[in-house]
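Student: I'd like to learn how to read strands, cores and buried residues off a model. Can we go through one together?

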Amino acid sequence: MTHSSPPRRPLSALAWGLASFLPGASLAVTISEIHYDPPGESSGLEFVELHNDAPTVVDVSGWAFTEGIDITFPKGTWIPGRGHLVIVSNDAVFRAAYPGVAIGGVFAGRLDSNGETLVLSNNGGGEVVRMRYDDRGKWPSLPTGTGHTLCLRRPHLDPAEPESWAPSLLPGGTPGQANFPTGSVSDFEIIPGGATWSYKKGTVEFSSPPDAWRKPGFSTAGWASGASGFGYGDGDDATVLDDMANGYMSVAIRKTFSMTRTAIDGMETLILGSSYDDGFVAYLNGTEVVRASMPGAPGSAVPFDTAGVSHEAGAEEQFEVSKSLLVAGENVLAVQGHNAATSSSDFSLAVRLLGRKVASAGGSASSIVFNELLGRTAGARWVELYNTAPAPVDLSGHFLSDSAAALDRHALLAGTVVDPYGFLVVTEGESGLNLAAAEVRLYLTLPDGSASIAAEIFENAPADGLPASREGYSDARVPDGTGRFGYSRTPTPGAPNVVDAPRDIVLNEIFYNPPDSSRTTEFIELYNRGSSNLDLTGWAFTKGVSFTFPAVSLPAGGLLVVSADPAGLESAHGITGVLGPWTGSLSNSGENVRLVDPVGNVAGEVRYSDGGRWSPWADGGGSSLELIDPRQDGSFATAWAASDEGAKAEWRQVTYTASYAPEAASELHMLLLDAGTVRIDDVSLKRQGAATEYIGNGTFESNTSPWLLQGNHIATHRTTADAHTGSACLELVATGGGDSGVNKIDTDTSPGMTAGTYTVSFWARWLRGGDKLLVRADTPGNGSLARVVQLTLPVALGTPGRENSARLALKAQFPDGNLGPVIGDVAQRPVVPSAASPVTVRARAHDSDGVASMAIQYRTGGLGNGVFTAAPMFDDGAHGDEKAGDGLFAGAIPAQAQGTRVVFYLEGADAAGRTRRFPVVAPSETLLYAVETAASSALFTVRLYIDDDNESTLRGRLLHSDDLVDASFVFNDEEIYYNVGTRYRGSPWNRPPDPKMYRVRFNEDRAFIRGPRPST
């Protein structure tokens, strides 16, 4: 739901209450467009555009670009709400090319045409934007010399990520304007108005069972047929129901229609248009899609004799319908119309179905990409283009060129058509292009020369220093059209690409943030999952750290460790054969680690993060990241787990003596200063020189009473899995740093302490995370009996050179060590569905045995309601999942009633029957959205959804608890962030009961680009 404060308010209360949400000025400003390589060596047309995404003005006086270019904005410089500020390299030249575009300043220096770092800083010196653009790799190459600019796709995207950028639709870009203006909308009729339908009068149920008539395959034998619209009493009905008045309440109409996959993929959405009096319910292929002026929740049964809600027919009303319910082939639209009363003077039902497209510049040819180049050969050289769309593309008259200065070098012949997912090969001989240059820049341009629609830069002589010769290799995308380029020793002109990259070496363990902050103990472990020895001579780490392997081989099933300090790691872990040292260091906040073979093909790559779906215990919490099953795809966060270091730590006695001066209640407090877990046993508090024990149940042998477990330490519990003495101990669990309020554990002393000297004693054993434990009496000054205990961590953290602890844990559960599918990249559309709209959920999934099935398990809100319903997901190219067999699955959750909270998770099974979920611990953690009305606000709109169980927890616990509960966060109805953490906001001394304020913590692997990271 959208959470609100007691007393309960309607579902949308918080959404509207937070519609005025305004991030800080610097958070609303981004770099939105860059013209770094305009045609002409010194044209003076370079510019950088800033965009203020906030609805209010932002004063940027004193802000400056502190890297890349040089400019400081003078006093009085501001960017209007939703506005732009353009800075240029040459005032006069820019004004001549862009008359009417306001200039916000002239910068010194030049934008590097090969890419460079830009840093925008505020007037306090804080970085607002840091990004490094490039002209190749994942960055679009089209802006290199063609006149196209580099454009941020949407203002909310992270400008540091190459996927956030695209080339401008036309040369020159759009300085001072939106980068991608909303295209013109075009509709085409699928079922036109006045079409002939089968219909049946509602004197009885329309079929047996009652829902059969709505579904494909139903026979309408015995039904009448007539043209839309249906009705009586107002003189404009094509099919007059002259016996409906005082005779029956409803009519059912049914229409079959055929759709091709090309037509489905080519539209944005479906539109159901209807003029009706009084109400109707519409079904597409058996699923309800629209309910208008009718009682009951969406999906509930509507008997034939149900009365509609009074509504007068007029201009056609249009309802958006998800196209995900369409299938290639025959489809069925079924509509039942209902009068408000049998005695009504009139009735109308006129229906048509439309497909809606949004026009885009460049036409369908924008789906063409450069896919393969054979340039390193003395024989015939060629370039291959690929059509990423499910429809043919006509390239007649389009130009191919190897120079941005002459984009019309070679015109493709009339009749040049690229089939759906098809190839076009153009040879060097027929085109006259130079494909053998050390650097080949290729462009595809429209016949009228108005815009280029594809570009790529190839390096026939890469300057990467790798030893192997690439003579005869092609540069080939894998998979075709969308993947990264690799080097293929078997070029495939006109056929699917093949890159012979090694697949048996995997990155198996990464230790990137040792708790002692020592870079020398970082390491990366490789594993050979193949059946034969592999020669790693000349292999290299090229991202994350830099290291080229000497002459070394790795046997089948073997492990190889690379470290910043080989000798130190060998000594700490008692292993040998560690390679290194590498240069550089692993980022503590996440980065790419890339391993390439001697040719330069990627043999392994992991982009880890320091939280979110990646275990936070590897971020300075003492653990490494371990691959659970080396056969699985390590690019998924769910393929990894934190190493289990708890068994390595030993029990340690803590004893200290300090003075006590009474200030508050006579209590002993314990709290971790950071998230973590530590076991505690044999807690004792005695007055110096006396034998009286002041702590009750310091051994936790039977329960935890009288200890209070509160706040972000509430998950603390008694365990019999370990003990210093006896059969049990206390496992102190903190989800965040404790404080002097409720975020701690404590117990009253008995008897109460008086002024004097006391000895505190207990045994502790660190397990994970925070290694500092604060012990003190209940004193506001935090002075009496206070001691920060440094817990003892094991020296040899991680499992370098040994089987991963996560792998051993999996084998203990399943001896075959088969993990089941790994799942990630979960997204939904629409983000905020209406009551008439099903929700399409998409996710990427992989399994070494093959993914046999994927399903959405969903339920609606309801405290303690654990009953989930399954909805299938598909990878067949016919259910909104893009291309068949590409590992992207999609399925639909049916439309739900207004205000409904929908809780769901995904479950996949492999060919061996092993299952796995997303989130991994589902259903104790799930994903969540709500059915609401779309926002209409000039301000930012945010929605915070909390399910029933977490809402009950939040409302019922102590007000000042800092423990986070699970939630979903929606920004501007465009982006949904699942599994954020939220709590009431305010200090331990000032957290108002009403109205509630909220703190939201975002996950490190998907930070909120418009808020302080990772929380706001």
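Student: In what sense do strand β62 and β64 pair?

Tutor: The general idea: strands of a sheet pair through backbone hydrogen bonds, either parallel or antiparallel. Here, β62 (901-910) and β64 pair in the antiparallel sense, over 4 bridges. Two strands count as paired if DSSP finds at least two bridges between them, and strands themselves are DSSP runs (E, at least two residues; helices are H or I, at least four), numbered from the N terminus. R901 stands opposite A930 in β64. By the way, this is a predicted model, where local features need pLDDT of at least 70, side-chain atom pairs count only at pLDDT 80 or more, and totals for chains, interfaces and linings use all residues. Residues are numbered from 1 along each chain as its sequence is written, and side-chain values use heavy atoms, with hydrogens and water left out.

Student: Which residues of β64 are buried on one side and which on the other?

Tutor: In a regular strand the side chains alternate between the two faces of the sheet. For β64 (927-930), L927 and Y929 are buried on one side, L928 and A930 on the other, so to speak a strand with both faces covered. Buried means under 20% relative accessible area, exposed over 50%, partly exposed in between (1.4 Å probe, protein chains only).

Student: Which strands stand at the edges of the open sheet β57-β58-β61?

Tutor: The 3 strands of that sheet pair in the antiparallel sense. β57 (822-829) and β61 (888-893) are the edges: each has a single partner strand, so one side of each lacks a neighbour in the sheet. β57 and β58 (839-846) share 6 bridges, with Q828 opposite V841.

Student: Which residues touch the most other members of the largest nonpolar core?

Tutor: Nonpolar side chains tend to be buried together in soluble globular proteins. A nonpolar core is a set of buried Ala, Val, Leu, Ile, Met, Phe, Trp, Tyr and Cys residues joined through side-chain atoms within 4.5 Å. The largest one here has 38 residues, and F541 and F549 touch the most other members. β36 (505-511) gives the largest share, 4 residues. Contact means heavy atoms within 4.5 Å; leaving out residues up to four places away in sequence, F541 touches F549, V562 and L595, among others.

Student: Why does N285 count as buried?

Tutor: Because its relative accessibility is 17%. N285 lies in the loop between β20 (279-284) and β21 (287-292). Its side chain makes a polar contact with that of N331 (2.8 Å). A polar contact is a pair of N or O atoms within 3.5 Å; within protein, one must be able to donate a hydrogen and the other to accept it, and residues adjacent in sequence count only if both atoms are side-chain atoms.
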